[in-house]
Amino acid sequence: MRILLEEHAGKIYSGKVMANILYGVNGEGSGHSTRAKEVISHLQAKGHRVRVASFDRGLRNLCDDFEVTEIYGLRFAYVNNQVRYRKTMARNLATVRQAAKSIKHLSALVDDWKIQLVITDFEPLTCQVGHHKRLPIISIDNQHSMTNTDVTYPKQYRRDAAVAKLVTRAMVPRADAYLATSFFMPKVKKAGTFLFPPILRQEILKARPMVGDYVLIYVTSPAPALAKLLSGVRGRFVAYGFGREGSEGNVVFKAPSLNGFLKDLTSCKAIIANAGFSLVTEALHLAKPYLAIPVKHQFEQIFNAYWLDKMSYGAYWEDLNKERVESFLYNVPQYQEKLAAYPRHGNDALLKKLDSLIAEYTSA
């Protein structure tokens with residue numbers, strides 16, 4: 001028989017305390033919300049009451065499945081596929097009042113919801129509120145693998161790395177625990193940090209990949225120079241993000257489609273794209289060789305691309321030309337051989353650790 005007791009701080013099912021949790025999700029891009037969806041679904045299945053706070057894509061991607069409160073979000077400024085730090089600072093400084101308003105609103109909601117614990121996926125406002133309310137804070141993201149582990153990167157990126165590390169520490173300072181994800185396993189150097197394989201959506205974990213006769217191309221903004229370059233490379237390409245549809249020579253341009261992109265990702269022979277963590281790790285799980293073109297001055301992408309190349313899962317270049325694309329395609333069999341041994345795990349280890357931390361932090 002199930003025992004049900006309603007209390008101010010949460011619920012108790014069969015002797016287990018179910019917590020009231022505030023979950024902050026960074027809304028820039030789709031990677032944070034894709035990861036958070038898996039974690040939130042797990043928490044709800046365990047009986048926890050989860051209140052989500054996000055913005056932009058995070059808000060749009062999560063609002064159909066969960067109760068989401070819209071908050072102000074910090075955003076990077078991009079110009080010609082490059083991060084512009086001065087514009088980023090100017091844009092966010094101009095909206096300080098909006099951030100303060102969101103913090104005040106969240107603080108009131110935390111009291112109303114009787115929140116016991118904060119989880120943040122690189123979202124700073126929920127972290128700030130958690131500190132103000134003296135609540136336990138758990139960080140779940142891939143960014144802290146750059147700051148909390150012993151890793152290397154090329155010397156020419158020191159400035160970008162310094163900025164990225166400063167931002168990462170500022171976004172989620174002094175968390176009680178950091179659950180960091182990575183597609184390689186460096187040594188942890190910061191206490192309270194636990195390293196896990198990437199969190200993958202169920203569609204990827206259940207997929208049965210095949211090796212087709214085309215290369216998948218994905219860009220976050222139209223790239224006419226890349227389209228022209230591909231037309232001169234021998235091979236077949238399926239391209240997303242170029243703002244057009246139809247076939248032009250050896251390139252098939254497609255409109256945005258979650259299901260269509262997943263199908264093409266599962267069946268391609270290789271990928272050429274920016275180096276966002278989610279797409280890189282999904283590709284590696286599906287054994288797809290990856291040619292990465294990181295956004296300039298976006299150190300997280302540079303970091304991902306560098307380690308992807310270092311692990312021999314693919315290659316990376318800041319700029320592409322015909323010879324570099326053809327060299328990558330020539331080496332696809334070698335990358336496939338290396339990817340055959342890529343460690344493939346589900347999400348269980350991280351979720352199990354999260355369960356134990358929630359029980360520890362809310363047991364008082």
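These exercises work through a predicted model of one protein chain.

**Exercise 1. The chain as a whole**

State how many helices and strands the protein chain has, and what share of its residues is buried.

*Solution.*
Step 1. Take the secondary structure. The protein chain holds 15 helices and 20 strands.
Step 2. Take burial. Of its 364 residues, 52% count as buried.
Step 3. Take contact range. Consider the contacts with a separation of 6 or more. Residues 24 or more positions apart account for 62% of them.

**Exercise 2. Length and faces of α7**

Test the span of helix α7 against 1.5 Å a residue, then locate its buried residues.

*Solution.*
Step 1. Helix α7 covers residues 158-171, which is 14 residues.
Step 2. The expected span is 1.5 Å times one less than the number of residues. For α7 that should give 20 Å.
Step 3. The end C-alpha atoms of α7 are 20 Å apart, so the expected span and the model agree.
Step 4. List the buried positions. In α7 they are D160, A161, A164, K165, T168 and M171.
Step 5. Look down the axis of α7. The buried residues fall within an arc of 130°, so they line one face of the helix.
Step 6. Recall the general rule. An α-helix has 3.6 residues a turn, so residues three or four places apart point the same way.
Step 7. Turn to the other side of α7. R158, R159, L166 and A170 are exposed there.

**Exercise 3. Packing of α13 and α14**

Classify the packing of helices α13 and α14 by angle, and describe the contact by residue class.

*Solution.*
Step 1. Helix α13 spans residues 322-330, and helix α14 spans residues 332-339.
Step 2. The two helices pack at an angle of about 50°, with axes 5 Å apart.
Step 3. Apply the cut-offs. Angles under 35 degrees count as roughly parallel, and 65 to 115 as roughly perpendicular. The helices α13 and α14 are therefore oblique to each other.
Step 4. Name the contact residues. α13 contributes F328, L329 and Y330, while α14 contributes V332, P333 and Y335.
Step 5. Sort by class. The contact has 6 nonpolar residues, no polar ones and no charged ones.

**Exercise 4. Helix α11 and H285**

Decide how far helix α11 is enclosed, then follow H285 to its contacts.

*Solution.*
Step 1. Helix α11 runs over residues 277-285, and 8 of its 9 residues are buried.
Step 2. The helix is so largely enclosed by the rest of the structure.
Step 3. The buried residues are F277, L279, V280, T281, E282, A283, L284 and H285.
Step 4. H285 has a relative accessible area of 12%. The cut-off for buried is under 20%, so H285 is buried.
Step 5. Leave out residues up to four places away in sequence. H285 then touches L200, I204, L205, Y342, R344 and H345.
Step 6. Step just past α11. There A287 takes a positive phi of about 65°.

**Exercise 5. Two positive phi values**

For F122 and R134, give phi, loop and burial.

*Solution.*
Step 1. Set the background. Most residues other than glycine have a negative phi.
Step 2. F122 has a positive phi of about 55°. F122 sits in the loop between β8 (117-121) and α5 (124-132).
Step 3. F122 is buried, at 7% relative accessible area.
Step 4. R134 has a positive phi near 60°. R134 sits in the loop between α5 and β9 (137-141).
Step 5. R134 is exposed, at 79% relative accessible area.

**Exercise 6. L117, D264 and S247**

Place each of L117, D264 and S247 in its element, and state its burial.

*Solution.*
Step 1. L117 is in strand β8. Its relative accessible area is 0%, which means buried.
Step 2. L117 and Y361 are 244 residues apart in sequence, yet 7.6 Å apart from C-alpha to C-alpha.
Step 3. Beyond four places in sequence, the contacts of L117 include N20, P136, I138 and Y361.
Step 4. D264 is in helix α10 (residues 258-267). D264 is buried, at 8% relative accessible area.
Step 5. Beyond four places in sequence, D264 is in contact with Y214, L216, V238, Y240 and K254.
Step 6. S247 is in strand β16 (residues 246-248). S247 counts as exposed, at 58% relative accessibility.
Step 7. S247 and F237 are 10 residues apart in sequence and 9.9 Å apart in space, C-alpha to C-alpha.

Terms used: Residues numbered from 1 in each chain as written. Predicted model: local features only at pLDDT ≥ 70, side-chain atom pairs only at ≥ 80, totals over all residues. Heavy atoms only, no water. Axes fitted to C-alpha atoms, helices over the stretch in contact; angles between N-to-C directions. Helix = DSSP H or I, 4+ residues; strand = E, 2+ residues; numbered from the N terminus. Parallel < 35°, antiparallel > 145°, perpendicular 65-115°, else oblique. Contact = heavy atoms within 4.5 Å. Nonpolar A, V, L, I, M, F, W, Y, C, P; charged D, E, K, R; others polar. Buried < 20%, exposed > 50% of the residue type's maximum accessible area, 1.4 Å probe, protein only. Arc of directions from axis to C-beta.
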